[in-house]
There are 2 protein chains.
Amino acid sequence: MTTIKDIAKAAGVSVTTVSRALNGYSDVNEKTREKIIAVSKELNYSPNILARGLVMNKSKTIGLLVSGMTRQSLKDNLTFEVLCGINQFSAETDYDLILFSTDSTKQREKTYSQLCRERQVDGVIIQGIRTDDPYLQEVLESDIPCVLIDIPIESETVGCVTTDNVLGAKEAVNHLLSLGHQNIAMVNGHDFAFVSQKRLEGYKLALQEKNIPYRAEWVVNGAFREEQAEYEVYGLLERNPEITAIFCASDVMAIGAIKAIKTRGLSIPEQISIVGYDDILLATYITPALTTMAQDIYKMGYEAAKLLVKMLENKAESHQKLLETQLIIRESTTRYNS
Amino acid sequence: MTTIKDIAKAAGVSVTTVSRALNGYSDVNEKTREKIIAVSKELNYSPNILARGLVMNKSKTIGLLVSGMTRQSLKDNLTFEVLCGINQFSAETDYDLILFSTDSTKQREKTYSQLCRERQVDGVIIQGIRTDDPYLQEVLESDIPCVLIDIPIESETVGCVTTDNVLGAKEAVNHLLSLGHQNIAMVNGHDFAFVSQKRLEGYKLALQEKNIPYRAEWVVNGAFREEQAEYEVYGLLERNPEITAIFCASDVMAIGAIKAIKTRGLSIPEQISIVGYDDILLATYITPALTTMAQDIYKMGYEAAKLLVKMLENKAESHQKLLETQLIIRESTTRYNS
DNA sequence: TTGAAAGCGCTAACAA
DNA sequence: TTGTTAGCGCTTTCAA
């Protein structure tokens, strides 16, 4: 392995000079610099980033704390899309990504800041964390720069990339209202997701503006899982046959809802309209194709990395990035006819 | 940040003793060890892995070189499944994963071994690399332990996880043959994928065993892309209306093929039967549901990580792991009737 | 414009 | 059983 010493020896200078030459300092004779560069090319030299990190106290790595890298979560590849976006941005910089393989077991034995300090990450991006997750509290207390995805918290060291979930949900429900639906149910995720809280808010708001009373028994939790949503919607429709439309807080749950509706012998969209949330890949491929509130998940990842790097370089004016959502109308919604 | 020095001072011993105590060496007085452990718990100490790596010359990290972390490749989340598998295994160990964000630009400016040495990775897993990729040659020349996914190369330092692609393809085609099909076309990936070469072999073999002549003009390349496959199949069917079944070397291409067939006004499976390869998530959700040769991609990732770690610990008896494939019969294939 | 020396946090000979 | 010392590869004062 070629080290800086080898270069110094081969070029007949000191390691100090090599370091300075290679890092672009001005106080190096151009002749010397050229020589050093030539030698290090020849010897295929590449600095040891770990050693550099040790002395500089930064590592040019971004830590990734994602829950949902499990087999089950392959369905909505939200996690993967975020990852792709982050990867794309970091490919444009000299940061590398380190994936903390943390399952629930490890979480208990290693604290967040331990994880980060061990690997000396410069900053962290967190995705898929629940509001009751112990890590979340640690993040806020820690001084390691961090960007949260879809959790609207900001501080000196914490930034956030998200969308306006209240608005998104509201517009999704408005779409159903504009089609003449009045009896609109909702399948939400769970209480420990910020987005669920916000989307419920948007649902209520849309109804309220039309003076339609909110009925708590028409809102069920599907835990963002297809099977759970299917089960819940099946019961929901049994108890409330007057429902003509359902707003689902995720596409995966919408797919579960569709299954339940089909099982009950109802047709989509003729008898029941469905709106999802996310616009995952499956949304376009299932039958009927899903009307949904699209989020640009890839971009969320990209912007999260961008924001974090800005924060690391003290160039961030704002610690919040709000992305747009967009209603995509496909085949699962239609006008209500009594 | 708590360092080993802080612990030493607080515990009233030398750093050496702290190091030994924490690393479980036997030549430490149990009283001293307890004291040290207590202190380091109290101070929330966690060793700096980078510093340790510098002196031990290993970093407890596995490098991941994946191509296909791009926006386009979200469709088949093969890359993601592999990643999940790797992540799962590494979560069971104390290895962390480092993702090399390498796009084609970076590839040219940094060599494989530079990438690895910079970050001092102990070993590498490579996925999605082409046979004509310059990195592949470097991998073989380098002495860094490496596991390749779906590229059957072995050496002192190189291992491989794959399936029997010849057999898989052969069985897929046999399925069509057993349904009475004779005019079976194939949509392959591209010439620079090992799996494509092997699957073509399997296709030929199956035909040969039934004494059906191989017709090169019935094999098209879809580059593993949906649109490309759609385009190619459209032309293929135009030129050869006698084709009654198509074997596709990937599900994504099978989906493209299905689109082309529908566009031509033909029905699946009544007029054309389709067999895919991979069993991606979409395969079950599209209409008609896709008959396909299933690979356990997740397991490939898991086994790749397992093999690599074994190699790193010199416990690997074999450098090759062969996984099973399995034909999943769904709705896209049926008996040929003239 | 250059080099010597110190030190980042850690482990490992060697001595005591 | 413990401590002293050296050193991993690098950057950075400080002096020359």
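This note sets out numbered points on a predicted model of two protein chains with two DNA strands.

1. Conventions. Residues are numbered from 1 along each chain as its sequence is written, and chains are lettered from A and ligands numbered from 1 in the order in which they are written. Because the model is predicted, local features need pLDDT of at least 70 and side-chain atom pairs count only at pLDDT 80 or more, while totals for chains, interfaces and linings use all residues; side-chain values use heavy atoms, with hydrogens and water left out.

2. Domains of chain A. Chain A is divided into domain 1 (4-47), domain 2 (61-164 + 297-324) and domain 3 (165-295), with bounds that come from an automatic or database domain assignment. Taken over C-alpha atoms, the centres of domain 1 and domain 2 of chain A are separated by 37 Å.

3. Record annotations. In an unreviewed entry, UniProt places "domain: HTH lacI-type" at residues 2-56 of chain A. It also places "domain: HTH cro/C1-type", again from an unreviewed entry, at residues 3-50 of chain A. UniProt positions are given in the numbering used here, feature names are shortened, and the annotations may be inferred rather than shown by experiment. In the model, residues 2-56 of chain A are 67% helix and 0% strand, with end C-alpha atoms 21 Å apart. For residues 3-50 of chain A, the corresponding values are 65% helix, 0% strand and 13 Å. Helices (H or I, at least four residues) and strands (E, at least two) are DSSP runs, numbered from the N terminus.

4. Relation of the two chains. Chain B is superposed on chain A by a rotation of 180° with 0.0 Å of shift along its axis, at an RMSD of 0.1 Å. The two copies are thus related as by a two-fold rotation axis. In chain B, the C-alpha nearest the axis belongs to I98(B), at 2.2 Å. The superposition is by least squares on the C-alpha atoms of residues with pLDDT of at least 70 in both copies. The copies meet through the same surface, because 100% of the interface residues of chain B are also interface residues in chain A; contact here means heavy atoms within 4.5 Å.

5. Surroundings of DNA strand C. This strand is surrounded by 26 residues, the closest being T17(A), T32(A), I4(B), S19(B) and Y45(B); a residue is near a strand if one of its heavy atoms lies within 4 Å of it. Helices α2 (15-22) and α4 (49-56) of chain A, with α1 (4-11), α2 (15-22) and α4 (49-56) of chain B, each supply at least two residues of this surface. The most, 5 residues, comes from α4(B). By class, the surface has 12 nonpolar, 10 polar and 4 charged residues. In this classification, Ala, Val, Leu, Ile, Met, Phe, Trp, Tyr, Cys and Pro count as nonpolar, Asp, Glu, Lys and Arg as charged, and the others, Gly among them, as polar.

6. Polar contacts to DNA strand C. A polar contact is a pair of N or O atoms within 3.5 Å; within protein, one must be able to donate a hydrogen and the other to accept it, and residues adjacent in sequence count only if both atoms are side-chain atoms. The side chain of T17(A) places a polar atom 2.6 Å from a phosphate oxygen of strand C. A side-chain N or O atom of Y25(B) lies 2.9 Å from a phosphate oxygen of strand C. A base oxygen of strand C is 3.4 Å from a backbone N or O atom of V55(A). Of the strand C atoms within 4 Å of the protein, 64% belong to sugar or phosphate and the rest to bases.

7. DNA strand D. Here 25 residues surround the strand, the closest being I4(A), Y45(A), T16(B), T17(B) and T32(B). The largest share of the surface, 4 residues, comes from α4(A). Phosphate oxygens of strand D lie 2.9 Å from a polar side-chain atom of Y25(A) and 2.9 Å from a backbone N or O atom of S14(B). A backbone N or O atom of A51(A) is 3.2 Å from a base nitrogen of strand D.

8. Backbone geometry to check. Most residues other than glycine have a negative phi, and most peptide bonds are trans. The peptide bond between I268(A) and P269(A) is cis, with omega about 5°; P269(A) lies in the loop between α12 (251-263) and β9 (273-278) of chain A. A cis bond also runs from T287(A) to P288(A), with omega near -5°. N57(B), which is not a glycine, has a positive phi of about 65° and is found in the loop between α4 and β1 (61-66) of chain B.
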